[in-house]
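Subject: Structure for you to look at

Hello,

Here is the structure I promised. Please open it first, then read my notes below.

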Amino acid sequence: MRIGIIGGTGNMNRGLTLRWVLKHDILMGSRKLEKARRIAKEMNALAKGFYQAQMQGSITGMVNADAVKESEVVAVTLPPKATVPTLLKLKEQFTPKHIIVSTVVTMTKREGLFTSRHSLRRRTSIRPNPQLR
Ligand SMILES: NC(=O)c1ccc[n+]([C@@H]2O[C@H](COP(=O)([O-])OP(=O)(O)OC[C@H]3O[C@@H](n4cnc5c(N)ncnc54)[C@H](OP(=O)(O)O)[C@@H]3O)[C@@H](O)[C@H]2O)c1
């Protein structure tokens, strides 16, 4: 399966990519192509060292829009504040066939406790492209 990760160069990416690449092709998305390629190369080396011949998948760095376009499953791993603006920019790339999962949570740790510092106050709906219905 091809899994695109939006915001795929961050902290969550390392844990998800390293597990999923055993069996799946990972399309690591970023705002910057060079950054995506550099981190994908590092992660490939790490994963190959770990799984060796058992690794069936691959890790490829690309911009977020291409990661959505070329994937079947999309994982959204963006900071809360960046999530709605980024998904709005990418909405033309999504189709009804995409399966979307998200790790996004608005909780942050403060004085040893988790609190919701960033709230997604604006109610924003991201509707599918009507031409694809
Ligand atoms: N880290 C954890 O242990 C953990 C656990 C559970 C849930 N979560 C949640 O999972 C989500 C991701 O966490 P994370 O720690 O992986 O996040 P992160 O490392 O801070 O950010 C992930 C990626 O998002 C992109 N990004 C940052 N600012 C952006 C902006 N303004 N616009 C567009 N893209 C932006 C960056 O990629 P590029 O610069 O390459 O574009 C960055 O590498 C968060 O919502 C977090 O609350 C995290």
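Which helices each supply at least two residues of the shell around the ligand? They are α1 (11-20) and α4 (80-90). Helices (H or I, at least four residues) and strands (E, at least two) are DSSP runs, numbered from the N terminus.

Two notes on the source. This is a predicted model: local features need pLDDT of at least 70, side-chain atom pairs count only at pLDDT 80 or more, and totals for chains, interfaces and linings use all residues. Residues are numbered from 1 along each chain as its sequence is written.

Now the ligand. It is surrounded by 18 residues, each with its C-beta atom, placed from the backbone, within 6 Å of the ligand. Gly7, Gly10, Asn11, Ser30 and Ala82 are the closest. Helix α4 gives the most to this shell, with three residues.

Next, the strands. Strands β1 (residues 2-6) and β2 pair in the parallel sense over four bridges; pairing takes at least two DSSP bridges. Ile5 stands opposite Met28 in β2. From β1 the chain crosses through α1 to β2, a right-handed β-α-β crossover. Right-handed means that, with the strands pointing away from the viewer, the path from the first strand over the helix to the second runs clockwise.

On the next pair, β2 and β3 (residues 59-63) are parallel too, over five bridges. Ser30 stands opposite Val63 in β3. The chain crosses from β2 through helix α2 (residues 33-51) to β3, and this crossover is right-handed.

Best wishes
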